[in-house]
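Open your viewer, switch to a cartoon view and keep the selection box handy. We will walk through this model stop by stop, choosing what to select next and saying what is there.

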Amino acid sequence: MGFSGWRVLKEGLSGNRGWDAHWRDAAPKDAYDVVIIGAGGHGLATAYYLAKNHGITNVAVLEKGYLGGGNVGRNTTIVRANYMMPGNSEFYSHSLKLWEGMEADLNYNVMHSQRGQIVLFHSDGQRDAGVRRGNAMINQGDDAELLSRADVRRMLPYLDYHNARFPIYGGLLQQRAGTARHDAVAWGYARGASDRGVDLIQNCEVTGIDIEAGTVKGVQTTRGAIKAKKVAIIVAGRSGQVAAMAGMRLPIESHVLQAFVTEGLKPCINHVVSFGMGHFYISQSDKGGLVFGGDLDFYASYAARGNLPMAEHVMEAGMTLMPMIGKAKVLRSWGGIMDMTPDGSPIIDKTGTDGLYIDCGWCYGGFKAVPGSGYSMAHLVATDTHHEPAARYRLDRFRTGRGLMDEEGTGAQHNLH
Ligand SMILES: Cc1cc2nc3c(=O)[nH]c(=O)nc-3n(C[C@H](O)[C@H](O)[C@H](O)COP(=O)(O)OP(=O)(O)OC[C@H]3O[C@@H](n4cnc5c(N)ncnc54)[C@H](O)[C@@H]3O)c2cc1C
């Protein structure tokens, strides 16, 4: 089933009775060439690029809940490529280019909106760091623009410029950054993979990984055993638990990150705005809700819900930056489980078991990585070689100390910054 303006018009005039299901809800077969554990953004994108780029279609994606019910459907939808360190810079740059072609590639409206992200400065030191980061972004081939205080005031008139605890000195704009509709990204990749023959299997929890003489043989699931020549673990916040089924102990701590949305308001925030003196970021959804978030909960947890102290902390940051937000009513808050690595950078690698691969450690920034991660992970699984933009995401950097990417300069306790 293809989407086009003509099709939307025709269906709109004929009661919308001609649409099919977007993907097949498959039942598990006995064996596959590749089993992917986890139908989040990264698992689905991996399945799609395995089929599209490498012609590998005898693939199952196993999901313990429903497709897209994890972090891919829980994030604040920010897409950007404003990293500074080698390793991350080239990866996120590649991922943003894939975003820019995604809707045409998938024939799916993911509502990708390059409305621009502005990261604010509140001191001379922050401005210097922002200039350095902007130059690194430009050297990588991405866009960055330094904004003066007057520029910011013109573009974001609703911020507090009069009596602010942290005065605004300026900002760093990436115009190609923005947002996308998170569920649609999962659905678009699911549809593209399913159309190419991939089985998407929901309500199928992996409970064990079968390994014989150092080689993966398949998985145990709540819907029976499934044989596989290759298995890819792509389960975000559950990475530590699933990797333990293969005898691995990952350098990952799982923490909850919360997000909030207000009632629908008239358009008032045209960009993604990030506060420089605290962890607070905000944008406005197409329905009008202000979507915002902040810090991680400070303790490790597998509960996909947040707590009130962190809600208060995020609201305080919002009120400091834009007191007008105090008039909006919060409709909902929710949480997702983040797979935090010590250097804040991810892992896309083989494991010590032949045929077993892992893609994890996306921390709180893995939504924008969905296309790049799927592309690079599919390359690794299909060819057993690392895809260049993701070549530094090696697991052993945490054992050897070589190749760590301390992006935010927060040292070995990224989860605590
Ligand atoms: C509140 C919040 C805000 C965020 N904001 C942003 C943002 O603005 N920008 C950004 O880039 N990133 C953001 N992120 C991070 C981003 O959402 C994640 O890094 C990314 O979605 C993780 O990858 P995924 O989509 O594959 O994860 P998931 O969607 O969580 O996919 C993993 C899947 O694996 C399944 N699974 C787990 N265990 C098993 C098992 N044993 N068997 C079978 N299936 C299993 C899970 O059910 C889940 O569906 C945010 C996250 C949260 C929670």
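Select tyrosine 281 and glycine 293 in β15: the two stand opposite each other. This is a predicted model, so treat what you see on screen accordingly. The pair belongs to β14 and β15, which run antiparallel and are joined by 4 bridges. Now follow the chain round the turn of this hairpin. There are 4 residues between the strands, and glycine 288 takes a positive phi near 105 degrees.

**The whole sheet**

Widen the selection to the sheet around these strands. Which order do its strands follow? Reading across, you meet β5-β6-β4-β13-β14-β15-β12-β16, 8 strands in an open sheet with mixed pairing. Colour β5 (145–148) and β16 (330–340) to mark the edges, since each pairs on one side only. Tilt the view and you can look for the twist: on average, neighbouring strands are turned by 25 degrees against each other, direction ignored.

Next, pick out β12, residues 253–264, together with β16; they pair in the antiparallel sense over 10 bridges. Serine 254 makes a handy marker here, standing opposite aspartate 339 in β16.

Two helices pack on this sheet, so show them one after the other. For α4, select residues 124–139: this helix touches β4 (117–121), β5 and β6 (170–174), and its direction makes about 15 degrees with that of β6. For α8, select residues 308–321. Its contacts are with β12, β14 (281–284), β15 (289–300) and β16, and the direction of α8 makes about 135 degrees with that of β15.

Before leaving the sheet, go back to β12 and look at its pairing with β15. These strands are antiparallel too, with 6 bridges between them. Histidine 255 stands opposite alanine 300 in β15.

**Another hairpin**

Jump to residues 206–212 and 215–221, which are β9 and β10; 6 bridges join these antiparallel strands. Aspartate 210 is found opposite glycine 218 in β10. Which residue of this hairpin takes a positive phi? Click alanine 213: its phi is near 45 degrees, in a hairpin with 2 residues between the strands.

**Helix α2 and its neighbours**

Now hide the strands and show α2 (residues 41–54) with α9 (residues 370–383). Their axes come within 7 Å and cross at roughly 55 degrees. That angle makes α2 oblique to α9, and the crossing is right-handed. To see the contact, show side chains on the α2 residues that meet α9, among them His42, Thr46, Tyr49 and Asn53. On the α9 side, the residues include Val370, Ser373, Met377 and Val381. By class, the residues of this contact are 11 nonpolar, 7 polar and no charged.

Keep α2 and bring in α6, residues 182–195. The axes of this pair come within 8 Å and cross at roughly 30 degrees, which makes α2 roughly parallel to α6. Here the crossing is left-handed. Gly41, Leu44, Ala45, Ala47, Tyr48 and Ala51 of α2 make the contact with Val185, Ala186, Tyr189, Ala190, Gly192 and Ala193 of α6. Those residues divide into 10 nonpolar, 2 polar and no charged.

Gly41, Ala45 and Tyr48 are worth labelling: they are among the α2 residues that meet α9, and they also take part in the contact with α6.

**Helix α3 against α9**

Swap α2 for α3, residues 88–106, and keep α9 on screen. How do the two axes cross? They come within 7 Å, at roughly 105 degrees, and therefore α3 and α9 are roughly perpendicular to each other. From α3, show Phe91, Tyr92, His94, Ser95, Leu98, Trp99 and Met102; they meet Pro371, Gly372 and Tyr375 in α9. Count by class and you get 7 nonpolar, 3 polar and no charged. Pro371 and Tyr375 of α9 also appear among the residues that α2 meets.

**An annotated span**

For the last stop, select residues 34–78. An unreviewed UniProt entry places the feature "domain: Rhodanese" there. In this model the span is 31% helix and 20% strand, and its end C-alpha atoms lie 30 Å apart.

Terms used
Residues are numbered from 1 along each chain as its sequence is written. This is a predicted model: local features need pLDDT of at least 70, side-chain atom pairs count only at pLDDT 80 or more; totals for chains, interfaces and linings use all residues. Axes are lines fitted to C-alpha atoms, for helices over the stretch in contact, and angles run from 0 to 180 degrees between N-to-C directions. Angles under 35 degrees count as roughly parallel, over 145 as roughly antiparallel, 65 to 115 as roughly perpendicular and the rest as oblique. A crossing is left-handed if the near helix is turned anticlockwise from the far one by less than a right angle, and right-handed if clockwise. Two residues are in contact if their C-beta atoms, placed from the backbone, lie within 7 Å. Ala, Val, Leu, Ile, Met, Phe, Trp, Tyr, Cys and Pro count as nonpolar, Asp, Glu, Lys and Arg as charged, and the others, Gly among them, as polar. UniProt positions are given in the numbering used here, feature names are shortened, and annotations may be inferred rather than shown by experiment. Two strands pair if DSSP finds at least two bridges between them.
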